[in-house]
Structures are given as structure tokens and as C-alpha cells.
Amino acid sequence: MLNESQRRQLLGLAILALALFVGLSLIPITLFGEAASTLFPDGNIMGVLGAFLARAGFGLFGAGILLVPVVLVLSGARLFGWLDSSAAGRWAAFLAGLAFLLPAIAELWSANAQFETTAFL
């Protein structure tokens, strides 16, 4: 039978594996050139499930989806005991806030952003 520490480490390992899967599914294959389309016919490194996860993630969170693997790594590190509870909580709160702000910041910095220049009455 597994003790509490072993169960936490197994859960941490599963979460770190999930972080790796999510992180790899968010990498566009266009970074690897034209030969990548023959290696990855589904259009994603992680296959059909990775492509679905990337499309759904970008649809729901926009650019904030890029922080999901980081939050998962923090969770896995906490379960392994590499981070204390308060530090992991602070980092998770910071990254959650950044995940909501990142799409707005990306839109403001985009080349298509147009600002209203009329004065308020």
C-alpha cells in the first residue's frame, strides 16, 4: 500500500506529465519548418488531442493559455515538496491574474490596435 508521501509524489508526477503534454500541444509546428507538417499530419506535436486542447485553450483563454503549463508545473512542484504552500499559492494567484490580463495586453500591443483619440465631454 502507498503512504501519503508516495501518493502525493505520484500525483505530482502525473501533473508534471500533464504540464509537459499541455506545453508541447501549444507549440505551433510552423516553428519547425515545412517538414514538420509531414511528421505531424494532425497539425500538432501531440496529435489530435493536443490540437483540440490548443484550439479550445486559445478559444477560452486567448494568450493566457500559455501560462497553464506553468501553473501545472507549480502544482507538481508543490506536491513534490519543492515549493512551500505559501510560495506556490502566491505564484498561482499571480499567474492566474496574469492569464486574464495577458490577452488584453497582447491586444493593446498588436499592430492592429487603434485607439480612440476623441476627447471626453
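**Asn44, the core and a surface patch**

Asn44 lies in the loop between α2 (36–39) and α3 (47–61), helices being DSSP runs of H or I of at least four residues, numbered from the N terminus. This is a predicted model, in which local features need pLDDT of at least 70, side-chain atom pairs count only at pLDDT 80 or more, and totals for chains, interfaces and linings use all residues. Residues are numbered from 1 along each chain as its sequence is written, and side-chain values use heavy atoms, with hydrogens and water left out.

Q: Why is Asn44 called buried?
A: Buried means under 20% relative accessible area, exposed over 50%, and partly exposed in between (1.4 Å probe, protein chains only); Asn44 has 5% relative accessibility and therefore counts as buried.

Q: What makes the approach of the Asn44 side chain to the backbone oxygen of Ser25 a polar contact?
A: A polar contact is a pair of N or O atoms within 3.5 Å, where within protein one must be able to donate a hydrogen and the other to accept it, and residues adjacent in sequence count only if both atoms are side-chain atoms; the Asn44 side chain reaches that oxygen of Ser25 at 2.8 Å.

Q: Which residues is Ala54 in contact with, leaving aside its neighbours within four places in sequence?
A: With contact meaning heavy atoms within 4.5 Å, Ala54 touches Ser25, Leu26 and Asn44.

Q: Why does Trp109 count as exposed?
A: Trp109, in helix α5 (residues 85–109), has 74% relative accessibility, and so it counts as exposed.

Notes: Helices (H or I, at least four residues) and strands (E, at least two) are DSSP runs, numbered from the N terminus.
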